[in-house]
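I opened the notebook to record what I looked up in this structure, going from the overall fold to single residues. The entries below follow the order in which I looked.

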Amino acid sequence: MEQRRLFNNLIKIYDNNKKAVDNVSFEINNGEIFGFIGPNGAGKTTTIKAIMGLITFDNGLIEFDGINIVSNPIEFKKKVVYIPDNPDLYDSLTGIQFLNFIADIYDISKQQRNEDIKKYSDLFNLTRNLGDLISSYSHGMKQKLALISAFIRHPKLLILDEPFVGLDPEA
C-alpha cells in the first residue's frame, strides 16, 4: 500500500499571540509536486520548519509514511531532505569533501555515491568546481551543491524553501 504524507490541522502561534499558521492541512502523494505560494509573512517557511521539526507547532499532526515527526523524529528525518533558501555549508571543505561527508553520514556506498555525484554534478555543471573550496562558490553554486547533496540521498520527500534563489536559468 502506498503511504501518504499527512499534514493535518497545523497551527503555530508565536509569543506575541500572532498566528503564523492557522489550521493548515494537506496531503502529498508519491510523485506529486506541491508548492506554497503566498506573500511574505504568510507562514510558508514556518510551515516548512514545523514539518521538518525545526520548530514546534501548537497543534496538528505531521506524519510521513506512517512515521510521526514528534514521536520518531530521527526516522522521519532519514526519509526527508530539507534545503533552506540559504543553506549553510562547510566553507572550509571542497565541494567533493562536503558531498562525501554527507554520503558518509547517510551510509551511502562508495559506488552509489560516485555514480550519483558524477550524474548530478554533471547535470548542474558543477563537476569542474568540486575540488574548489566551498567558500569560493557563488550563491548559485552553493545552491547546486546543496541540491546534489540532497539528491544523492534519494529522499522519499524533498522540501525546498525558495529553491531557485541564486540559480541560473540553465540550472
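**Entry 1: fold.** I read the order of elements along the sequence first and noted the pattern β-β-α-β-β-α-β-α-α-α-β, which belongs to a protein with 5 helices and 6 strands. I kept in mind throughout that this is a predicted model.

**Entry 2: overall dimensions.** I took the extent of the C-alpha trace along the principal axes and found that it spans about 50 × 35 × 25 Å. The radius of gyration is 17 Å, and I judged this to agree with a compact globule because such a globule of 171 residues would have a value near 16 Å. I then looked up the surface, where the protein exposes about 10,100 Å², with carbon and sulfur atoms supplying 50% of that area. Buried residues make up 37% of the 171 residues. For the contacts with a separation of 6 or more, I noted that 61% are accounted for by residues 24 or more positions apart.

**Entry 3: the cores.** Which residues touch the most other members of the largest nonpolar core? I found Leu145 and Ile152 in that role, in a core of 22 residues. To this core β5, α3, α4 and α5 each supply at least two residues, and the largest share, 6 residues, comes from α5. I followed isoleucine 152 further and, leaving aside residues up to four places away in sequence, listed its contacts as Leu99, Ile102, Ala103, Ile108, Asp116, Ile117 and Tyr120. There is also a second, separate core of 20 residues, and I wrote down Phe7, Ala20, Met52 and Phe64 as being among its members.

**Entry 4: helix α1.** I went through helix α1, which covers residues 44-51, for buried positions and found Thr46, Thr47, Ile48, Ala50 and Ile51 to be buried. Glycine 53 follows α1, and I noted that its phi is positive, near 80°.

**Entry 5: lysine 12.** Is lysine 12, which lies in strand β1 (residues 5-13), buried or exposed? I count lysine 12 as buried, because its relative accessibility is 11%, which is under the 20% limit used for that class. I looked next at what surrounds this residue: not counting residues up to four places away in sequence, lysine 12 touches Lys18, Lys19, Ala20, Val21, Thr46, Ile55, Thr56, Phe57 and Asp58. For one of these, phenylalanine 57, I also took the C-alpha separation from lysine 12, which is 4.9 Å although the two residues are 45 residues apart along the chain.

**Entry 6: salt bridges.** How many salt bridges does a search of the whole structure find? The search returned 6, and I looked at several of them in turn.

- I found lysine 19 in a salt bridge with aspartate 22, with the closest N and O atoms 3.4 Å apart; lysine 19 is partly exposed, at a relative accessible area of 41%.
- I found lysine 118 and aspartate 122 joined by a salt bridge at 2.6 Å, N to O. The two are separated by about one helical turn, because they are 4 residues apart in helix α4. Lysine 118 counts as exposed at 53% relative accessibility, whereas aspartate 122, at 36%, counts as partly exposed.
- I found lysine 142 and aspartate 91 meeting in a salt bridge at 3.5 Å, N to O. This pair links distant parts of the chain, 51 residues apart, with lysine 142 in helix α5 (residues 139-151) and aspartate 91 in the loop between β5 (80-83) and α3. Aspartate 91 is partly exposed, at 35% relative accessibility.

**Entry 7: the loop between β5 and α3.** I looked up threonine 94, which has its place in this loop, and count it as buried because its relative accessibility is 13%. Setting aside residues up to four places away in sequence, I found threonine 94 touching Leu130, Gly131, Asp132, Leu133 and Ile134.

**Entry 8: a nonpolar surface patch.** Last, I looked for nonpolar side chains grouped on the surface, and found a patch formed by Tyr90, Phe101, Ile105 and Tyr106, which together have about 390 Å² of accessible area. Of these I checked tyrosine 106, which sits in the loop between α3 (95-105) and α4 (110-123) and is partly exposed, with a relative accessible area of 34%.

Note on methods
Residues are numbered from 1 along each chain as its sequence is written. This is a predicted model: local features need pLDDT of at least 70, side-chain atom pairs count only at pLDDT 80 or more; totals for chains, interfaces and linings use all residues. Side-chain values use heavy atoms; hydrogens and water are left out. Patches are made of residues with over 30% relative accessible area and no salt bridge: like charges are joined within 9 Å, nonpolar side chains (Val, Leu, Ile, Met, Phe, Trp, Tyr) within 5 Å. Accessible areas come from the Shrake-Rupley method with a 1.4 Å probe; for residues, only the protein chains shown count as cover. A salt bridge is a side-chain nitrogen of Lys or Arg within 4 Å of a carboxyl oxygen of Asp or Glu. Buried means under 20% relative accessible area, exposed over 50%, partly exposed in between (1.4 Å probe, protein chains only). A nonpolar core is a set of buried Ala, Val, Leu, Ile, Met, Phe, Trp, Tyr and Cys residues joined through side-chain atoms within 4.5 Å. Contact means heavy atoms within 4.5 Å. The radius of gyration is taken over C-alpha atoms; the globule rule is 2.2 Å times the number of residues to the power 0.38.
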